[in-house]
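The report below goes from the overall form of the chain to the charged side chains that pair along it. Please keep the sequence and the structure in view while reading.

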Amino acid sequence: MNISGQDLIYACSAIGAGIALIAGVGPGIGQGYAAGKGAEAVGRNPGAKGDVMTTMLLGQAVAETTGLYGLLVAIILMFVHPFG
């Protein structure tokens, strides 16, 4: 079997898109950890709920950008066909 030309480009784009979606694992783990620590902090000091929630949500938004960039790269690789 000899894959070359346009078929090779499509195959490499699909493999690259799959690898790019692995970038969603890290933010998921990080956000779960942050939410757990935030709930723990509010449980220890309910008076600081506003400050804890604000800081936690800001951190989660920053962590989510990595996953969104991975998704964007995967979409570009799958739907923008070079040389096509």
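With which residue does Glu-40 form a salt bridge, and how far apart are the closest N and O atoms? In this predicted model, the partner is Arg-44, with the closest N and O atoms 3.9 Å apart. Both residues belong to helix H2, where they are four residues apart, or about one turn of the helix. Through shared partners, the salt bridges link Lys-37, Glu-40 and Arg-44 into one network.

The structure has two salt bridges, and the other pairing brings together the side chains of Glu-40 and Lys-37 at 3.8 Å, N to O. Glu-40 and Lys-37 are separated by about one helical turn because they stand three residues apart in helix H2, which covers residues 25-44. Side chains of opposite charge can pair when their charged atoms come close.

The accessibility of the three residues is as follows.

| Residue | Relative accessibility | Class |
|---|---|---|
| Lys-37 | 39% | partly exposed |
| Glu-40 | 40% | partly exposed |
| Arg-44 | 62% | exposed |

As for the whole protein, its secondary structure consists of three helices and zero strands, which follow one another along the sequence as α-α-α. The radius of gyration is 20 Å, whereas a compact globule of 84 residues would have a value near 12 Å, and the C-alpha atoms fill a box of roughly 65 × 20 × 10 Å along the principal axes. Of the 84 residues, 15% count as buried, and the accessible surface comes to about 6,000 Å², with 72% of that area belonging to carbon and sulfur atoms. Among contacts between residues at least 6 apart in sequence, 82% join residues at least 24 apart.

Note on methods:
Residues numbered from 1 in each chain as written. Predicted model: local features only at pLDDT ≥ 70, side-chain atom pairs only at ≥ 80, totals over all residues. Heavy atoms only, no water. Helix = DSSP H or I, 4+ residues; strand = E, 2+ residues; numbered from the N terminus. Rg over C-alpha atoms; globule rule 2.2 N^0.38 Å. Buried < 20%, exposed > 50% of the residue type's maximum accessible area, 1.4 Å probe, protein only. Contact = heavy atoms within 4.5 Å. Areas by Shrake-Rupley, 256 points an atom, 1.4 Å probe, with all protein chains shown as cover. Salt bridge = Lys/Arg side-chain N within 4 Å of Asp/Glu carboxyl O.
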